[in-house]
Amino acid sequence: HGKVVHVDAYGVQDLATKRPVARDTIFRLASMTKPIVGVAMMMLWEQGKWTLDDPVAKHIPEFAGLKVATPNGEVPQAKPMTMRQLMSHTAGFDVTAGYANANIGDRDQPLQSMIDKLAKLPLAVQPGTDWRYGPRVDIQGYIVEKLSGQSLDVFLRTEIFEPLGMKDTGFWVDASKVDRVTSVFTYGPDKRLIRATPPPGREKRNDDPSAKPVFLSGSGGLLSTTDDYFQFA
């Protein structure tokens with residue numbers, strides 16, 4: 001009947017301190033950031049700022065002439081990629097690993113830098129022909145900024161987090177909340193938990209969580225609590 005029946009917390013926030021996980025522990029949301037940016041995009045859709053059949057280049061002119069990589073060289077797009085494809089991971093961009101050498105998600109650069117880099121690279125496949133899980137939601141975050149005239153952090157805070165009472169959600173946390181942020185764990189060679197080291201090129205992901213990042217990642221940049229995310233869901 002709209003009320004939480006049971007909540008419990010398990011484990012530790014950090015292997016060294018053994019601080020227990022609590023109801024107000026703050027987690028890095030990783031790809032659970034994506035649905036929140038999806039809601040932001042659909043709010044702007046409801047306002048008539050874009051349609052599903054718009055060419056993506058209408059909102060990102062830098063993408064107007066993107067070519068498609070093939071075994072026989074680069075060819076034009078058969079049909080211009082659409083917003084519908086951008087929203088469903090079928091716009092022709094490669095998986096994230098496909099851009100490792102291009103460093104499109106440099107955490108020291110703004111979203112515009114990512115757009116500028118992608119504009120110089122060919123698409124991996126023709127738009128609408130394949131599903132690939134890559135940088136599309138980071139691109140959506142850029143579009144939220146363009147269509148709203150606000151930075152992504154401000155739009156999400158004022159249009160989603162504050163109205164829903166999500167007081168512990170954002171791209172960074174207040175310094176007073178740092179001790180509530182959990183470490184990220186992985187398994188070591190002996191199958192026991194160890195603190196995770198970010199993969200090459202993403203070393204900055206575990207930087208000071210109280211520092212505002214330059215790159216506001218709609219794909220995976222938010223931090224939040226269980227209660228806040230439940231409120232969103």
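In this predicted model, Val7 lies in the segment that comes before strand 1. With a relative accessible area of 37%, Val7 is partly exposed, since the partly exposed class runs between 20% and 50%. Val7 also belongs to a nonpolar patch on the surface, which it forms together with Val4 and Phe230. The accessible area of Val4, Val7 and Phe230 together comes to about 270 Å². Gly2 is found in the segment before strand 1 as well. At 83% relative accessibility, Gly2 counts as exposed, because that value lies over the 50% cut-off. A sense of scale comes from the pair Gly2 and Arg132: 130 residues separate them in sequence, and their C-alpha atoms are 36 Å apart in space.

Turning to the interior, the largest nonpolar core holds 41 residues. The residues with the most contacts inside this core are Ile36, Phe63, Phe93, Ile139, Leu156 and Ile160. Six helices each give two or more residues to the core, namely helix 1 (34-46), helix 2 (83-87), helix 3 (111-118), helix 4 (136-148), helix 5 (152-164) and helix 6 (226-232). Ile36 offers a convenient way into this region. Once its neighbours within four places in sequence are left aside, Ile36 is in contact with Leu29, Leu156, Ile160, Phe161, Leu222, Tyr229 and Phe232. Two of these partners, Leu156 and Ile160, are themselves listed among the core residues with the most contacts.

Helix 3 can be looked at in the same spirit. Its buried residues are Leu111, Ser113, Met114, Ile115 and Leu118. The cover over these buried residues includes helix 4.

The loop between strand 5 (193-195) and strand 6 (223-224) contains Ser217, and Ser219 has its place there too. Ser217 is buried, with a relative accessible area of 3%, because this value is under the 20% cut-off. The side chain of Ser217 reaches the backbone nitrogen of Gly220 at 3.1 Å. Not counting residues up to four places away in sequence, Ser217 touches Thr33, Arg107, Asp138 and Phe171. Ser219, at 11% relative accessibility, likewise counts as buried. Apart from neighbours within four places in sequence, the contacts of Ser219 are Ala30, Ser31, Thr33, Lys34, Gly134, Pro135, Val137 and Asp138. Thr33 and Asp138 thus appear as partners of both serines, Ser217 and Ser219.

Ala30, one of the contacts of Ser219, also deserves a look for its backbone. Ala30 is located in the loop between strand 1 (27-28) and helix 1. Its phi is near 50 degrees, a positive value in a residue other than glycine. Most residues other than glycine have a negative phi. The relative accessibility of Ala30 is 32%, and the residue therefore counts as partly exposed.

Lys191 is another residue with a positive phi, about 70 degrees, although it is not a glycine. Lys191 sits in the loop between strand 4 (185-187) and strand 5. At 65% relative accessibility, Lys191 counts as exposed, because the value is over 50%. Ala30 and Lys191 both lie in loops, with Ala30 partly exposed and Lys191 exposed.

Terms used:
Residues are numbered from 1 along each chain as its sequence is written. This is a predicted model: local features need pLDDT of at least 70, side-chain atom pairs count only at pLDDT 80 or more; totals for chains, interfaces and linings use all residues. Side-chain values use heavy atoms; hydrogens and water are left out. Helices (H or I, at least four residues) and strands (E, at least two) are DSSP runs, numbered from the N terminus. Buried means under 20% relative accessible area, exposed over 50%, partly exposed in between (1.4 Å probe, protein chains only). A polar contact is a pair of N or O atoms within 3.5 Å; within protein, one must be able to donate a hydrogen and the other to accept it, and residues adjacent in sequence count only if both atoms are side-chain atoms. Contact means heavy atoms within 4.5 Å. A nonpolar core is a set of buried Ala, Val, Leu, Ile, Met, Phe, Trp, Tyr and Cys residues joined through side-chain atoms within 4.5 Å. Patches are made of residues with over 30% relative accessible area and no salt bridge: like charges are joined within 9 Å, nonpolar side chains (Val, Leu, Ile, Met, Phe, Trp, Tyr) within 5 Å. Accessible areas come from the Shrake-Rupley method with a 1.4 Å probe; for residues, only the protein chains shown count as cover. A salt bridge is a side-chain nitrogen of Lys or Arg within 4 Å of a carboxyl oxygen of Asp or Glu.
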